[in-house]
Amino acid sequence: MMSWLPENISTYGGQIDHLFYLIYYLTSVTFILVAGCMIAFLVMYRHSDGRRATYTHGNTTLEIIWTIVPALILIMLGFMSKARWEEIKSPAHMPPPDLYVRVTAKQFNWEIRYPGPDGKFDTDDDLQVDNDLHVPLNKVVRVILRSKDVIHSFFVPQMRLKQDAVPGRDIQVWFQATKAGQYEIPCAELCGFGHSGMKGALFVQTKDDYDQWVKEQWPAPAAAPAAAAAQAPVAEARG
C-alpha cells in the first residue's frame, strides 16, 4: 500500500490510517470508473454525419444500483468509524492517563501548563511554558484543550491528532507516542494575522530523559508530576 502520510508514532494512528486509505482507494476507483465512462461516452456518441440523437428516460435498474451501492458503502464506513471515534474522541472511552497537560491556545502561541507534583492545576507548583510540550514515551497523555480568544486547531500530524480549541470549552484529547523525537505542533485553523507563526514543538522523551527534565523543572520535592498528575482533577470535560 502506498504511504504518503507523515510517519505514524501514535498507538491509534494505524487504525486512522486504515480508514483513511480505505476511503481514499474507494473514491479513487469511483473517480476512475466515472471519468472513464464519461470519456468513453464522449467518444462513442460524438457527432457523426447521418446519425441522429435519441431521447431516453434512463434505466431504472442502473439507477437503483448506483443509489444502493454508495449507500451501503457509506453505512459500512459509518460503522467502521464509530468504534474508532468513540475510542479516540469520547472521554468515557479514553484509557486512564499517565499524565495530564493543559494546553491553552491564544493568538499566537500555545500555553502548556503542567500541574506539578501536587497533581493539581492552578497551584503554586504549576509549570507553564510557551509552545514546548514534553511528554514521556509510551505513556498515555491526556490534553485538556482550551482557547483564550478565537477558534484554533491543535494539530500533531505524527500522532494523527487534530482537535479544535474552542473559547469557553474544555475539550479532552489523548495520545500515546511510540517513538521518541521532536515533532511540530502547528495551528490548523486560520486564527488571525499571525496564524502562520503559531507553531509549537512536541518533545517525546525516553523515561530517563523525561525524568531528568522533570527533575530540572521541579528540583524539590522529588515527586514525578507524571504520576501525580494522573490524579489531577478535570473541572470540565466536554467535546
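Strand S8, running over residues 171–176, is mostly covered, with 6 of its 6 residues buried. Keep in mind that this is a predicted model. From S8 we can work outwards to its sheet, then to helix H2, a second sheet, a loop asparagine and the cysteines.

**Strand S8 and its sheet**

- Side chains in a regular strand alternate between the two faces of the sheet.
- In S8, both faces turn out to be covered: Ile171, Val173 and Phe175 are buried on one side, and Gln172, Trp174 and Gln176 are buried on the other.
- The partner to look at is strand S5 (residues 140–147), which is joined to S8 by 6 bridges and runs antiparallel to S8.
- To find the register by eye, start with Leu145, which sits opposite Ile171 of S8, and then check Ile144, which sits opposite Gln172.
- Zooming out, S8 belongs to an open sheet of 5 strands with mixed pairing, and the order is S3-S2-S1-S5-S8.
- S3 (127–130) and S8 are the edge strands; each has a single partner strand, so one side of each has no neighbour in the sheet.
- Ignoring direction, neighbouring strands in this sheet are turned against each other by 25 degrees on average.

**Helix H2**

- H2 covers residues 60–89, and its 30 residues should span 44 Å at 1.5 Å a residue; the end C-alpha atoms lie 42 Å apart, so the two values agree.
- There is a bend in H2 all the same: about 30 degrees, at Ser81.
- Which residues of H2 are buried? They are Leu77, Ile88 and Lys89.
- The cover over those buried residues includes helix H1 (13–44), strand S7 (161–165) and our starting strand, S8.

**The second sheet**

- Another open sheet has 3 strands in the order S4-S10-S9, again with mixed pairing.
- Here S4 and S9 (181–186) take the edges, and each has a single partner strand, so one side of each goes without a neighbour in the sheet.
- From one strand to the next, the twist averages 25 degrees.
- S4 and S10 (residues 199–205) run parallel and are joined by 5 bridges.
- A handy marker for that pairing is Leu133, which stands opposite Leu202 in S10.

**Asn131, between two strands**

- Asn131 sits in the loop that links S3 to S4 (132–136).
- Is Asn131 buried or exposed? Its relative accessible area is 18%, which is under the 20% cut-off, so Asn131 counts as buried.
- Beyond its neighbours within four places in sequence, Asn131 is in contact with Asn109, Trp110 and Ile112, and also with Lys199, Gly200 and Ala201.

**Cysteines**

- A disulfide is a covalent bond between the sulfur atoms of two cysteines.
- How many disulfides does the structure hold? The count is 0.
- Take Cys187, which is in no disulfide: the nearest cysteine sulfur belongs to Cys191 and is 4.0 Å away, whereas a disulfide needs the sulfurs within 2.5 Å.
- Cys187 is buried, at 7% relative accessible area.
- Cys37 has a relative accessibility of 40%, so it counts as partly exposed.

Technical notes:
Residues are numbered from 1 along each chain as its sequence is written. This is a predicted model: local features need pLDDT of at least 70, side-chain atom pairs count only at pLDDT 80 or more; totals for chains, interfaces and linings use all residues. Side-chain values use heavy atoms; hydrogens and water are left out. Buried means under 20% relative accessible area, exposed over 50%, partly exposed in between (1.4 Å probe, protein chains only). Helices (H or I, at least four residues) and strands (E, at least two) are DSSP runs, numbered from the N terminus. Two strands pair if DSSP finds at least two bridges between them. Axes are lines fitted to C-alpha atoms, for helices over the stretch in contact, and angles run from 0 to 180 degrees between N-to-C directions. The expected span of a helix is 1.5 Å times one less than its number of residues. The bend at a residue is the angle between axes fitted to the seven residues ending there and the seven starting there. Contact means heavy atoms within 4.5 Å.
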